[in-house]
Amino acid sequence: MAQPDERTNYLNWSHTVKSWLLTTDHKRIAILYMVSITVMFALGGLAAAVIRMALVVPQDTLIRHETYNKMFSMHGVIMVFLFLVPSIPAVLGNFLLPLMVGARDLAFPRLNLLSWYLYIIGGLCVVGAMLAGGVDTGWTFYTPYSSIYSNSHVTLTIVGVFIAGFSSIATGINFIVTTHKMRAPGLTWFRLPLFVWSLYATSIIFVLGTPVVAITLALVVAERVVHLGVFDPALGGDPILFQHLFWFYSHPAVYIMVLPSMGVVSELVPCFSRKRAFGYPFIAFSSLAIAVLGFLVWGHHMFVSGQAVWTGMVFSFLSFLIAVPSAIKVFNWTATMYKGRIWFTAPMLYALGFIGLFTVGGLTGLFLAALTVDVHVHDTYFVIAHFHYIMVGGAIMGYMGGIHFWWPKMTGRLYPEGWAKLAAGITFIGFNLTFFPQFLLGLQGMPRRYHWYPPEWQSLNVLSSAGASILAVGYAIPLTYLIWSLWYGAKAGKNPWGAVGLEWTTTSPPPTHNFPRTPVVTWEAYDYRDEEPPTEEEREPVSVPAGGER
Amino acid sequence: MPRIPLLPPQASNFAQSFDELFYVLLLLSVFFAGLVFSLILFFALRYRRGSRYNRRMGHRGQLALEITWSVIPLVIGLTIFFYAARPYAMLYGNAPSDAMEVFVIGKQWMWHFQHPDGVRENNELHLPAGKAVKLTLISQDVIHSFYVPAFRVHRDVVPGRFTTVWFVPRIPGQYHLLCSQYCGTEHSRMTGTVTVMEPAAYQTWLASGGQREQVTRRSMVQAGEALFDRFACVSCHGFAPARAPSLVDLYGRAEMLESGRTVLADHDYVRTSILEPDKQVVKGYQPIMPSFKGQFTEEEVLELIAFIKSLHTGDGVAGPPTGATMPSVPASEAPRPTRTGTRP
Ligand code: HEM
Ligand SMILES: [Cu+2]
């Protein structure tokens, strides 16, 4: 089966453990990240399963309050800091950015390896804190609860998040420098794939935002350990100050989680519509606009905190502004499909699922930005549903779509398309069943982080838990067949989708140095011609379609 | 507007304006989501691969279109912003002057209420229908959040500073009272009931002392005065005004500080002056007042504030307050209020 001209590639040039753990190849580091992030996702998912199980009954029959609080904290900390934030940038970004700009590697390959080690050390601290007994502050670490009152392993958890933060900063610096300095000849800014634009915007947030949260969390530790009075009024501090500092990072951070996904969708929709991206510059600049505006809206997490009415109004106003670039993207993706040749592959199904869920999540963001409505649903399940539509619906749909799209490039293998479509469908249905009832719960007034709840909310909770088990199946199926495909999947050619973009011009999997010669770019981004996508036979390497050689 | 069971009953004056905005947003969202979804579905089916439809390729974007679909969401968004800001400003703004004031203290993990005339309750709040209520809230430990879904009222309860919110309960009945800011182990148990009663029933309830054990015979002002005596505050704030400023007519006045700043003497100012006197030294005085931090619970601070607030020149209190010039219950005889907090 092996291709006659197959040379060594980044996967098979050496098989020693050392060659993996000391690699500076961005592709291998991406794989290291992919494996570790998948483990984290499984851990966070496990905690979610426990939470949803406990909520099937309104009383605390299954687990105790302490356990419940530790479960939702573990779920939040792991999912946010160790899964969502690094997921697409560290896995797909690491793998693809140099390939997409026609470079041999990232600008600082050793810094890149360091960032993975920082991630692992941070992850070990967090998991260690969980094993030592857990943390019960939630991922938001609100003071003075976290700084003085909590008796759980707050310090170790924060140390973990702090260290993982440096991994984000390293990745951000690497991406920014690579995008500026290492583009192939002819690859102007406006010929860059939109995924690169979104990574660039994300990196800005990494570099500017992460230090703020790192310092804030360090102050929490200082208050716990040496009783520095910054946040606890009993020590002369201000508890609201923490929220300002925390959300100054963490609101932009929610865009870290979704911008890269938007970038992935901006690749998938043109490819599977066989059409140029409609409004390319608008999609590109809306990424930057979201990154910049994202820094100005943090106060909308504090509408009921006691901040001045005028402050609330300013933040509400700015929050409405940020809805515009998000809307621009949705409209442009839709318009890209107009008069295309739409090919329903699994990645395309994920992309369409993303648009659907992101639209619902974004529109419900308007409810939260509208001051009076937020007063009612603040800190309720409505908020939980909103950000799960964005972050789980949005970010993970994009991640899954991207993994499927570039899987043949990363591994050289095709996955079973039928199973993949089935999984995409199950995920979509399970997702809506899980989270839509939570909007209703929030409107009824069920606060978040509640273990015990009044019995009249039980039926919606049961529905949500049932949906969660379907969702779990939707995530388990891809895990199974993707691993299966590593051994048994059909070999993929250079370009099974007939896609354009530099990454499709090199072999699958790519050689260690990505390209035999530095490519020269003479075409515009998304230069799809009006042609049918490759047929089933053409996707396998026997006859690479001519279109793919562009 | 007819009640749609999506939301709890509209049991306060604010509920309706909140709900109207909610339904407007819901309609808008359904419209936009419907538009996007049907377009995607339509394109996906009509232009699917292999369908024999003649595609004219080429356009990459149209400026006019981009501007249109940027400006429309912007205009709609800003309209909603203005529409949403007014009730918000009202809710957290000044309460009507005849509002009845209830003090709320959040602590791990219960709600404590103090009615001005001395009735105290835990995890239950009784209110008369149709009368404006102003809540002044403070936490004794971590951040909590006071939430009554049926009132659409939500306010964080922060340690170290007072927050306020006001509303008019409208429909008699019992409503969930919840804590919505995560506050530790028993967060989800920090719940209670708000009982809204017909005014007459409320009066009967009040007169019967609320049928609660926590009821004391003393109003908050009296309790505050007892504390004032017991801690001998009068030794400085009494007959020798040179040592410390007089507290008569203090509440609500603009106070000039040593730092040159002027502050309004409100709840927060008085509380800080008691617990951290060095922070705000009044112009012309020495920072000699000791800190009473750790000596008073938040309830007692509120009682002291109520007492200080009651000191008006016009009220027949001629000079500075002393135990001698004002009717008072000797502290030793008065029943102590039930405490849940600890004190040294
Ligand atoms: C673009 C992707 C978005 C992401 C990833 C996102 C994520 C989140 C997250 C994680 C929270 C909850 C934080 C917490 O309390 O723990 C949140 C809350 C909020 N979001 Fe978004 N959001 C997005 C879009 C929007 C948009 C477009 C708006 C406004 C138009 C918006 C408005 C809000 C508001 C006002 C809150 C605070 C609500 C509250 O705490 O009551 N969001 N969002
Ligand atoms: Cu609480």
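**Unusual backbone geometry in a predicted model**

Reader: W109(B) lies in the loop that separates β1 (100-107) from β2 (110-114) of chain B; which form does the peptide bond from Q108(B) to W109(B) take?

Author: This is a predicted model in which local features need pLDDT of at least 70 and side-chain atom pairs count only at pLDDT 80 or more, whereas totals for chains, interfaces and linings use all residues. Residues are numbered from 1 along each chain as its sequence is written, chains are lettered from A and ligands numbered from 1 in the order in which they are written, and side-chain values use heavy atoms, with hydrogens and water left out. Most peptide bonds are trans. The bond from Q108(B) to W109(B) is cis, with omega near -5°. Helices (H or I, at least four residues) and strands (E, at least two) are DSSP runs, numbered from the N terminus.

Reader: Where in chain A does P144(A) lie?

Author: P144(A) belongs to the loop between α5 (109-131) and α6 (145-149) of chain A, and the peptide bond that leads to P144(A) from T143(A) is cis, with omega near -5°.

Reader: What is the phi of Y526(A), and what is the phi of R152(B)?

Author: Most residues other than glycine have a negative phi. Y526(A), in the segment after α16 (458-488) of chain A, has a positive phi near 55°, and R152(B), in the loop between β6 (144-148) and β7 (153-157) of chain B, has a positive phi of about 55°.

Reader: Is Y526(A) buried or exposed?

Author: Buried means under 20% relative accessible area, exposed over 50%, and partly exposed in between (1.4 Å probe, protein chains only). Y526(A) counts as buried because its relative accessibility is 5%, and R152(B) counts as buried because its relative accessibility is 0%.
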